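Colleague: Let us go through this model piece by piece. I will ask short questions.

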Amino acid sequence: MTFEHRSLSWKNKTGRALWNACWAVFFRPSPVFLHGWRRFLLRCFGARVGAGARPYPRARVWAPWNLVMDERSCLGNDVDCYCVDRIELGRGAIISQYAYLCSASHDFRSPDFGLVTAPIRIADGAWVAAKAFIGPGVSIGACAVVGACSVVVRDVPSGVVVAGNPARIVGVSRTPRHAECATA
């Protein structure tokens, strides 16, 4: 995993301030069923959001311009999408409530604890269950399942179930009869 050292520009900080105001006034109070409205708001701030994607109103997105949600993907209520770097959700990927997608950390070896980032990729048909933590630079394979409260700091292969802290393979995922898994 390769981390990129970063500092955040004034443009980035201003964009996040505007997004936070928009989130508080228009995104967060919207009724649950208005996924189209929230897709529109995310797109206005640079997110790439596919048809039928379901961003729920209590999902927190740090920087929408670093978010990609493919068709039918889902960011559940109370998900924290800390997208300092790019976060991609594949077709039909589901991120359940209270999960934390964290694309940034700090270089503990540096005297100033400099910001480091790495992208996260959740592939087609994968499911990240409630309260799971996905660390910077991690890829979750197609149709993989990350168990509730798991801590994932290494890539997860396609078609497996991982659980625990740190997450370890504990089983095999869904079968190819699921549309997203059949094409993976």
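Colleague: How do S19 and S20 run, parallel or antiparallel?

Modeller: Strands are DSSP runs (E, at least two residues), as helices are (H or I, at least four), numbered from the N terminus. Strands pair if DSSP finds at least two bridges between them. S19 and S20 are joined by four bridges, and they run antiparallel.

Colleague: What kind of model is this, and at what pLDDT do side-chain atom pairs count?

Modeller: Residues are numbered from 1 along each chain as its sequence is written, and side-chain values use heavy atoms, with hydrogens and water left out. The model is predicted: totals for chains, interfaces and linings use all residues, local features need pLDDT of at least 70, and side-chain atom pairs count only at pLDDT 80 or more.

Colleague: Back to the hairpin. Which residue in its turn has a positive phi?

Modeller: S19 and S20 form the hairpin, with four residues between them. Among the bridge partners, Val161 faces Gly171 and Val160 faces Val172. In the turn, a positive phi of about 105° belongs to Gly164.

Colleague: Which peptide bond is cis, with omega near -5°?

Modeller: Look at the loop between strand S19 (160-163) and S20, where Pro166 sits. The cis bond there, with omega near -5°, runs from Asn165 to Pro166.

Colleague: Which residues of S19 point to one face and are buried?

Modeller: Buried means under 20% relative accessible area, exposed over 50%, and partly exposed in between (1.4 Å probe, protein chains only). In a regular strand the side chains alternate between the two faces of the sheet. S19 alternates too: Val161 and Ala163 point to the other face and are not buried. The buried ones are Val160 and Val162.

Colleague: How many of the five residues of S20 are buried?

Modeller: S20 lies largely in the open, because its count of buried residues is low. Of its five residues, the number buried is zero.

Colleague: Which strands stand at the edges of the sheet of seven strands?

Modeller: This open sheet has the order S3-S6-S9-S14-S17-S19-S20, with mixed pairing. Each edge strand has a single partner strand, so one side of each is left without a neighbour in the sheet. The edges are strand S3 (54-55) and strand S20 (168-172).

Colleague: What is the bridge partner of Val145 in S19?

Modeller: Inside the sheet, S17 and S19 pair in the parallel sense over two bridges. S9 and S14 run parallel as well, joined by two bridges, with Ile95 opposite Val128. For Val145, the partner in S19 is Val161.

Colleague: Which are the edge strands of the sheet of five?

Modeller: That open sheet has the order S4-S7-S10-S15-S18, with parallel pairing. S4 and S7 pair over two bridges, and Val61 has Cys81 as its bridge partner in S7. Those pairing on one side only are strand S4 (60-61) and strand S18 (151-152).

Colleague: How far apart are the C-alpha atoms of Tyr82 and Cys102?

Modeller: Tyr82 is in strand S7. Contact means heavy atoms within 4.5 Å, and Tyr82 touches residues including Trp62, Ile87, Tyr100 and Cys102. Tyr82 and Cys102 are 20 residues apart along the chain, and their C-alpha atoms are separated by 5.0 Å.

Colleague: And what separates the C-alpha atoms of Ala130 and Gly147?

Modeller: Ala130 is in the loop between strand S14 (127-128) and strand S15 (133-134). Among the residues it touches are Ser96 and Cys149. Ala130 and Gly147 are 17 residues apart along the chain, with a C-alpha separation of 7.6 Å.

Colleague: Is Cys143 buried or exposed?

Modeller: Cys143 is in the loop between strand S16 (139-140) and strand S17 (145-146). Its phi is positive, near 60°, although it is not a glycine. Its relative accessible area is 4%, under the cut-off, so Cys143 is buried.

Colleague: What is the relative accessible area of Phe113?

Modeller: Phe113 also has a positive phi, about 50°, and is not a glycine. It lies in the loop between strand S11 (104-106) and strand S12 (115-117). Phe113 is partly exposed, because its relative accessible area is 48%.

Colleague: How many charged residues are in the contact of H1 with H2?

Modeller: Trp19, Cys22, Phe26 and Phe27 in H1 meet Trp37, Arg38, Leu41 and Leu42 in H2. Ala, Val, Leu, Ile, Met, Phe, Trp, Tyr, Cys and Pro count as nonpolar, Asp, Glu, Lys and Arg as charged, and the others, Gly among them, as polar. The contact has seven nonpolar residues, no polar ones, and charged residues numbering one.

Conventions:
Lists of a residue's contacts leave out its neighbours within four places in sequence.
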